[in-house]
Amino acid sequence: EKIRIEIISFCLTEYRIAIDETIQQLFVECRLPNFLVEETPLSLPKSTTGHRIHYNYSKVIYVDKANNRARREYLKSMLLKPSLHTDSLRFTVVSDPSEREQDLECEDIGFAYVSLREIFQKQRDIIEQDIVVFDSQDESAAIGKLKVSVEALHALRSVYEECKDD
């Protein structure tokens, strides 16, 4: 009765970002609307184009009946009432200013998505897969690849079975 999210690595493919001097350190945030916000505990130095930076960050979110009814209700509504904006985990690659540049703000560089509904429909977790990261300023442009795992199928099946019983 849990969802496991792993942020493994990020590979930059966009030259414009690779040469941008204001972008030095990157971290990754993971968000599910009304449910969860997590981020990698470390921001890592930006790599050159084509090379991976490794986060190896893993988080388990418990969705058991006894202690996490609100989370289960959210998952239930997500499975029963399709809406593009509520069924996806959103991964955000964020530029973290160095300590020398504390006057600068963190800035979203790009976004990638994993649909929990799609995991349920295909009956397959996502294990160490590259997902495309799209530019935060031009959603049609890919800027990199984020390798992630999202293990949610067991929990989603359990929530779905509960829906059928209601």
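This report describes charged pairs, an aromatic pair, the nonpolar core and some individual residues of one protein chain.

The structure is a predicted model.

## Salt bridges

Side chains of opposite charge can pair when their charged atoms come close. In this model the count of salt bridges comes to 15. Three of them are set out in the table.

| Salt bridge | N to O distance | Accessibility of the Arg | Accessibility of the acidic partner |
|---|---|---|---|
| Arg31 and Glu29 | 3.4 Å | 33%, partly exposed | 13%, buried |
| Arg69 and Glu73 | 3.7 Å | 43%, partly exposed | 37%, partly exposed |
| Arg117 and Asp87 | 2.7 Å | 10%, buried | 5%, buried |

In the pair of Arg31 and Glu29, the nitrogen and oxygen atoms are 3.4 Å apart. Arg31 has a relative accessible area of 33% and is therefore partly exposed, since that value lies between the limits of 20% and 50%. Glu29, at 13%, falls under the 20% limit and so counts as buried.

The salt bridge between Arg69 and Glu73 has its closest N and O atoms 3.7 Å apart. Both residues belong to helix α2, which covers residues 69-80, and they stand four residues apart, or about one turn of the helix. Arg69 is partly exposed, with a relative accessibility of 43%, and Glu73 is also partly exposed, at 37%.

Arg117 and Asp87 are joined by a salt bridge with an N to O distance of 2.7 Å. This pair links distant parts of the chain, for its members are 30 residues apart. Arg117 is in helix α3 (residues 116-122), while Asp87 is in the loop between α2 and β6 (88-96). Is this pair buried or exposed? Arg117 is buried, with a relative accessible area of 10%, and Asp87 is buried as well, at 5%.

Salt bridges can also share partners. One network formed in this way joins Glu1, Lys65, Arg69, Arg72, Glu73, Lys76 and Glu162. Arg69 and Glu73, the pair from helix α2, are thus among the members of this network.

## The aromatic pair

A pair of aromatic rings is described by the distance of the centres and the angle of the planes. The model contains one aromatic pair. Its rings belong to Phe120 and Tyr160, with centres 5.0 Å apart and planes at 50 degrees. The pair is called tilted because this angle lies between the limits of 30 and 60 degrees.

Phe120 is in helix α3 and Tyr160 is in helix α4 (residues 153-165), so that distant parts of the chain, 40 residues apart, are linked by the pair. Phe120 is buried, with a relative accessible area of 14%, whereas Tyr160 is partly exposed, at 31%.

## The nonpolar core and the cavity

In soluble globular proteins, nonpolar side chains tend to be buried together. The largest nonpolar core of this model has 45 residues. Which residues have the most contacts inside it? They are Leu75, Leu89, Phe91 and Leu116. Strand β1 (residues 2-12) gives the most to this core, with five residues.

Leu75 illustrates how residues from separate places in the sequence come into contact. With its neighbours within four places in sequence left aside, Leu75 is in contact with Ile3, Phe35, Val63, Leu116, Leu156 and Val159.

The structure holds one cavity of 30 Å³ or more. The volume of the largest cavity is about 30 Å³. Its lining consists of Ile3, Ile5, Leu32, Phe35, Leu36, Ile61, Leu89 and Leu116. Among these lining residues are Ile3, Phe35 and Leu116, which are also contacts of Leu75.

## Individual residues

Glu105 is located in the loop between β6 and β7 (107-115). Glu105 is exposed, with a relative accessible area of 66%. Apart from its neighbours within four places in sequence, Glu105 is in contact with Ser95 and Pro97. The C-alpha atoms of Glu105 and Lys65 are separated by 39 Å, and the two residues are 40 residues apart along the chain.

Two further residues are noted for their backbone angle phi. Asn56 has a positive phi of about 45 degrees, although it is not a glycine. This residue, Asn56, lies in strand β5 (residues 52-62) and is exposed, with a relative accessible area of 54%. Glu128, likewise not a glycine, has a positive phi of about 45 degrees. Glu128 lies in strand β8 (residues 126-135).

Terms used. Residues numbered from 1 in each chain as written. Predicted model: local features only at pLDDT ≥ 70, side-chain atom pairs only at ≥ 80, totals over all residues. Heavy atoms only, no water. Salt bridge = Lys/Arg side-chain N within 4 Å of Asp/Glu carboxyl O. Buried < 20%, exposed > 50% of the residue type's maximum accessible area, 1.4 Å probe, protein only. Helix = DSSP H or I, 4+ residues; strand = E, 2+ residues; numbered from the N terminus. Phe/Tyr/Trp six-rings, centres within 6.5 Å; stacked < 30°, edge-to-face > 60°. Core = buried A, V, L, I, M, F, W, Y, C linked by side-chain atoms within 4.5 Å. Contact = heavy atoms within 4.5 Å. 1 Å grid on protein atoms, 1.4 Å probe; cavity = no way out; pocket = protein on both sides within 12 Å on 5 of 7 lines; lining within 4 Å. Points joined across faces, edges and corners; volume = space filled by probe spheres on them.
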